[in-house]
Amino acid sequence: MKHNICIFTGARPNFIKVAPLIRAIEHTDDCQYQLVYAGTADDSTLEDSLFSDLQISRPDVFLGVDCENLNELTGRVMAEFERYLEQHETDTVIVVDDLASTMAAAIVAKKHGLRLAHLVAGTRSFDINMPKEINRLVIDGLSDLLFTAGVGASSIATREGAENHKIYLVGNILMDTLRYNHDRWTRPACLDGIEDGRYLVFTLNRKALLADKENLKRMLDAISEVAGDIPIIAPLRGPAHDVVLSLNSQLSTLNSLSYLDFGYLTSHAMGIITDSGNVAEEATFNHVPCITLNSYTEHSETVKQGTNVLVGEDANKLRESLTDLVVGRWKTSSLPDRWDGRTAERIVKILTQE
């Protein structure tokens, strides 16, 4: 009898992480899965090209939850996911990352007595005022299988009381996706007339950064000042596009790029400025210098071993680091342990042996 797995996703970045897991499950005779998405089928962030680029199918089930209030979202996802589990035979639920919807699915799975696996477990900012930090603590506390990306995350799970037999250092599954698509990147049209390695990439998503427009303008001005004639490509989604464009017209802002276009853009850049932990991880994999607009990172290996530098929300620190980047004065880096593209294989092996 096949093991029935539910892979639960709550936002666009989750699909990039579960794509290699889906392929690994499809290559085993012991498991079958359904891909469940918390949101709606017409979610504008889930363009068809995302799934064709990742070479996976669209979700089997859309729970249809679409609201801004996190408490309301949590309650509605719990209700809809409970209805899903009542209608579908499930042995294991795999949840990804640290969203409110992820926490909601984790709670419901355990109330149904199912085995719960957390992909990218042991991730912490150590800021309890962050909603995502609460989500992480709850999900890890409930999980039967903690799939961690690195030694640091495994150590955190151990310190917080997780039993050793629950913790599995499987590696960084994002690297599976990067390695799989490395030869499939497509050069985006925004680079026409621009030489590889002679442009900067800027991404922004955090609501706190967007809300403080005065400080954001100082940071954007610092970027433009240091970059000079170096093109700055800024693929931005949603409100970030309009806010950044209104504060600094020198950046070449784009509404969005396909996954394969974005992969080419970041892997061939001179450097990256971002507030995204995933983008910083990709930069380390590609050995591209990266500046993160935050004072901490949940992905410490990108700083300790990788190409990432933290500057907080300080325009002066940003200016100093970007100057170093532009003149080629950057630290050496190496790939962290188990960034080998075999994380999904390890996970499926664990799931079938447990």
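Here are some exercises with worked solutions on a predicted model.

**Exercise 1. The sheet of seven strands**

Task: Find the order of the strands in the open sheet of seven strands, and say which strands are at its edges.

Solution:
- Step 1. Start with the order, which reads E3-E2-E1-E4-E5-E6-E7, and the pairing is parallel.
- Step 2. Now look for strands that pair on one side only: these are E3 (61-62) and E7 (167-169), the edge strands.
- Step 3. Look at one edge more closely. Strand E6 (residues 145-148) pairs with E7 in the parallel sense over three bridges, and Thr148 stands opposite Leu169 in E7.
- Step 4. Add a helix to the picture. H15 lies across E1, E2, E4, E5, E6 and E7, and runs at about 165° to E6.

**Exercise 2. Strand E1 and its partners**

Task: Work out which residues are the bridge partners of Phe8 in E2 and in E4.

Solution:
- Step 1. Recall how strands are held side by side: strands of a sheet pair through backbone hydrogen bonds, either parallel or antiparallel.
- Step 2. Take E2 (residues 31-37). Seven bridges join this strand to E1 in the parallel sense, and Val36 is the bridge partner of Phe8 there.
- Step 3. The chain gets from E1 to E2 through helix H1 (residues 12-26), and this β-α-β crossover is right-handed.
- Step 4. Turn to E4 (residues 92-96). Here E1 pairs in the parallel sense over four bridges, and the bridge partner of Phe8 is Val95.
- Step 5. Check how covered E1 (residues 3-9) is: six of its seven residues are buried.

**Exercise 3. The sheet of six strands**

Task: Explain why one side of E10 and one side of E13 are left without a neighbour in the sheet.

Solution:
- Step 1. Write down the order of this open sheet, E10-E9-E8-E11-E12-E13, with parallel pairing.
- Step 2. Read off the ends. E10 (252-254) and E13 (308-310) stand at the edges with a single partner strand each, so one side of each has no neighbour in the sheet.
- Step 3. Note the twist, which averages 20° from one strand to the next.

**Exercise 4. Both sides of E11**

Task: Find the partner strands of E11, and decide whether its faces are covered or uncovered.

Solution:
- Step 1. One partner is E8 (residues 200-202), paired with E11 (residues 271-274) in the parallel sense over three bridges. In E11, Gly271 is the bridge partner of Leu200, and Ile272 is that of Val201.
- Step 2. Another partner is E12, which runs parallel to E11 and is joined to it by three bridges. Cys290 in E12 is the bridge partner of Ile272.
- Step 3. Follow the chain from E11 through H12 to E12: this β-α-β crossover is right-handed.
- Step 4. Consider the faces. In a regular strand the side chains alternate between the two faces of the sheet. In E11, Gly271 and Ile273 are on one side, Ile272 and Thr274 are on the other, and all are buried, which leaves both faces covered.

**Exercise 5. Helix H7 and its cover**

Task: Decide which residues of H7 are buried, and what covers them.

Solution:
- Step 1. Count first: H7 (residues 173-181) has nine residues, and seven are buried.
- Step 2. Name them: Ile173, Leu174, Met175, Asp176, Thr177, Leu178 and Asn181.
- Step 3. Look around the helix. The cover includes H1, helix H2 (48-54), strand E5 (115-121), helix H11 (259-267), H12 and H15 (343-353).
- Step 4. Check the start of H7, where a side-chain oxygen of Asn172 comes within 3.0 Å of the backbone nitrogen of Leu174.

**Exercise 6. A threonine in a loop**

Task: Is Thr307 buried or exposed?

Solution:
- Step 1. Locate Thr307: its place is in the loop between helix H13 (301-304) and E13.
- Step 2. Compare its relative accessible area, 2%, with the cut-off for buried, which is under 20%. Thr307 is therefore buried.
- Step 3. See what surrounds Thr307. Beyond its neighbours within four places in sequence, its contacts include Ala283, His287, Pro289 and Trp330.
- Step 4. Find a polar partner: a polar atom of the Thr307 side chain lies 2.8 Å from the backbone oxygen of Val288.

Definitions and conventions
Residues are numbered from 1 along each chain as its sequence is written. This is a predicted model: local features need pLDDT of at least 70, side-chain atom pairs count only at pLDDT 80 or more; totals for chains, interfaces and linings use all residues. Side-chain values use heavy atoms; hydrogens and water are left out. Two strands pair if DSSP finds at least two bridges between them. Helices (H or I, at least four residues) and strands (E, at least two) are DSSP runs, numbered from the N terminus. Axes are lines fitted to C-alpha atoms, for helices over the stretch in contact, and angles run from 0 to 180 degrees between N-to-C directions. Buried means under 20% relative accessible area, exposed over 50%, partly exposed in between (1.4 Å probe, protein chains only). A crossover is right-handed if, with the strands pointing away from the viewer, the path from the first strand over the helix to the second runs clockwise. Contact means heavy atoms within 4.5 Å. A polar contact is a pair of N or O atoms within 3.5 Å; within protein, one must be able to donate a hydrogen and the other to accept it, and residues adjacent in sequence count only if both atoms are side-chain atoms.
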